[in-house]
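The following exercises concern a single protein chain. Please study its sequence and its structure before attempting each task, and compare your reasoning with the worked solution.

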Amino acid sequence: MTDTSEATPTPVGRRTVLIATGATAAALAVTAAAPHAPAADPADATPVAAAAVCTLTKEMTEGPYYLAGQYVRADVTEGKAGIPLKLNLTVVDDATCAPLSGALVEIWHCDALGEYSGFVGSNGHSEPDDGTFLRGAVLTSSSGAASLTSVYPGWYRGRCVHIHVKVHTGVTVTADGHFTGGRELHTGQLFFDETITAKVAVVSPYPANTVPRTTLAQDSIYDGGGAKSGLLTLTALGSTTSAGYTGTLTLGVDQG
């Protein structure tokens with residue numbers, strides 16, 4: 001099913017920025033990598049600005065597959081097959097660049113077949129649907145860091161590979177591990193270098209996705225803005241594509 005509601009970004013009134021990753025983000029990527037993991041091949045990394053400069057950018061559309069109140073958990077895989085992906089995101093205040101402690105960073109994305117939990121079948125594939133796989137959120141540390149474990153997303157008709165992200169403040173974590181309330185500061189999307197996605201797309205289970213893949217350059221949402229538009233810095237976790245990647249980005253949000 002075509003994701004028609006994502007064809008045009010929704011205008012928003014508040015500001016959100018993505019801070020170009022610098023030394024802090026690099027340190028986070030090293031921390032997340034497995035011990036003695038080899039350095040990324042030059043083709044397996046997305047260049048970013050050397051200095052951490054606050055850059056104003058628009059938010060990205062939420063899309064049609066959001067489900068509120070998901071689990072607060074660092075690992076969202078639920079046994080889903082796919083190439084490992086470690087996300088290291090840092091949330092800062094756009095006015096001061098100070099880290100936001102206790103903010104909730106929420107992600108959701110499709111699996112290797114391009115199917116979202118709660119909406120399985122929308123991309124033409126049949127599989128079990130528990131309504132929660134590849135969805136979750138974590139609270140940021142005192143340094144604004146949010147680390148999540150997932151798998152490299154697949155793709156669905158009309159969209160490039162991406163992950164949806166929200167940043168909330170003031171949420172309440174419930175006794176059953178979900179979250180409620182709070183204030184939503186940011187809705188955006190995280191994007192992946194096309195060179196790496198092309199490598200991932202030929203590794204099982206991704207070839208089982210029978211839907212034609214839209215590239216980053218062809219996508220109707222990504223605007224080519226690099227890190228300021230949500231393009232992750234990807235670092236290899238090993239010497240093969242199957243070993244997976246760490247995706248790093250600093251998100252700056254407007255609290256005003």
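The model shown is predicted.

**Exercise 1. The second largest cavity**

Task: State how much space lies in the second largest cavity, and sort the residues of its lining into nonpolar, polar and charged.

Solution. Step 1: The structure holds two cavities of 30 Å³ or more. The second largest cavity contains about 30 Å³ of space.

Step 2: Its lining consists of Cys160, Val161, Phe192, Glu194, Thr197, Arg213, Thr214 and Leu216.

Step 3: Sorted by type, this lining has four nonpolar, two polar and two charged residues.

**Exercise 2. The order of the elements**

Task: Determine how many helices and strands the chain has, and in what order they run.

Solution. Step 1: The chain has two helices and twelve strands.

Step 2: Read from the N terminus, the order is β-α-β-β-β-β-β-β-β-β-β-α-β-β.

Step 3: Consider next the contacts between residues at least 6 apart in sequence: 80% of these join residues at least 24 apart.

**Exercise 3. The nonpolar cores**

Task: Identify which residues of the largest nonpolar core touch the most other members, and which elements each supply at least two residues of this core.

Solution. Step 1: Begin with burial in general; buried residues account for 53% of the 256 residues in the chain. In soluble globular proteins, nonpolar side chains tend to be buried together.

Step 2: The largest nonpolar core has 39 residues, and those touching the most other members are Leu87, Tyr152, Leu190, Phe192, Tyr206, Leu232 and Tyr245.

Step 3: At least two residues of this core come from each of strand 3 (84-93), strand 4 (104-108), strand 6 (145-151), strand 7 (162-169), strand 10 (183-191), helix 2 (194-200), strand 11 (233-236) and strand 12 (245-253).

Step 4: A separate core has ten residues, including Tyr65, Cys110, Tyr156 and Phe179.

Step 5: Take Leu190 as an example. Beyond its neighbours within four places in sequence, Leu190 contacts Leu87, Leu89, Val161, His162, Ile163, Val165, Gly230, Leu232 and Leu249.

**Exercise 4. The surroundings of Val200**

Task: Decide whether Val200 is buried, partly exposed or exposed, and list which residues it touches beyond four places in sequence.

Solution. Step 1: Val200 belongs to helix 2.

Step 2: Its relative accessible area is 1%. Because buried means under 20%, Val200 is buried.

Step 3: Not counting residues up to four places away in sequence, Val200 touches Ile83, Tyr152, Tyr206, Thr241 and Tyr245.

Step 4: Val200 and Pro153 are 47 residues apart in sequence, while their C-alpha atoms are 9.5 Å apart in space.

**Exercise 5. Backbone features and cysteines**

Task: Locate the cis peptide bond between Ser204 and Pro205, and describe the positive phi values of Glu78 and Cys97.

Solution. Step 1: Ser204 and Pro205 are joined by a cis peptide bond with omega of about 15 degrees. Pro205 sits in the loop between helix 2 and strand 11.

Step 2: Glu78 is not a glycine, yet its phi is positive, near 50 degrees. This residue lies in the loop between strand 2 (56-57) and strand 3. With a relative accessible area of 35%, Glu78 is partly exposed.

Step 3: Cys97, also not a glycine, has a positive phi of about 65 degrees. Its place is the loop between strand 3 and strand 4.

Step 4: Compare two cysteines. Cys97 is partly exposed at a relative accessible area of 34%, whereas Cys110 is buried at 1%. A search of the whole structure gives zero disulfides.

Conventions: Residues numbered from 1 in each chain as written. Predicted model: local features only at pLDDT ≥ 70, side-chain atom pairs only at ≥ 80, totals over all residues. Heavy atoms only, no water. Core = buried A, V, L, I, M, F, W, Y, C linked by side-chain atoms within 4.5 Å. Buried < 20%, exposed > 50% of the residue type's maximum accessible area, 1.4 Å probe, protein only. Helix = DSSP H or I, 4+ residues; strand = E, 2+ residues; numbered from the N terminus. Contact = heavy atoms within 4.5 Å. 1 Å grid on protein atoms, 1.4 Å probe; cavity = no way out; pocket = protein on both sides within 12 Å on 5 of 7 lines; lining within 4 Å. Points joined across faces, edges and corners; volume = space filled by probe spheres on them. Nonpolar A, V, L, I, M, F, W, Y, C, P; charged D, E, K, R; others polar. Disulfide = S-S within 2.5 Å.
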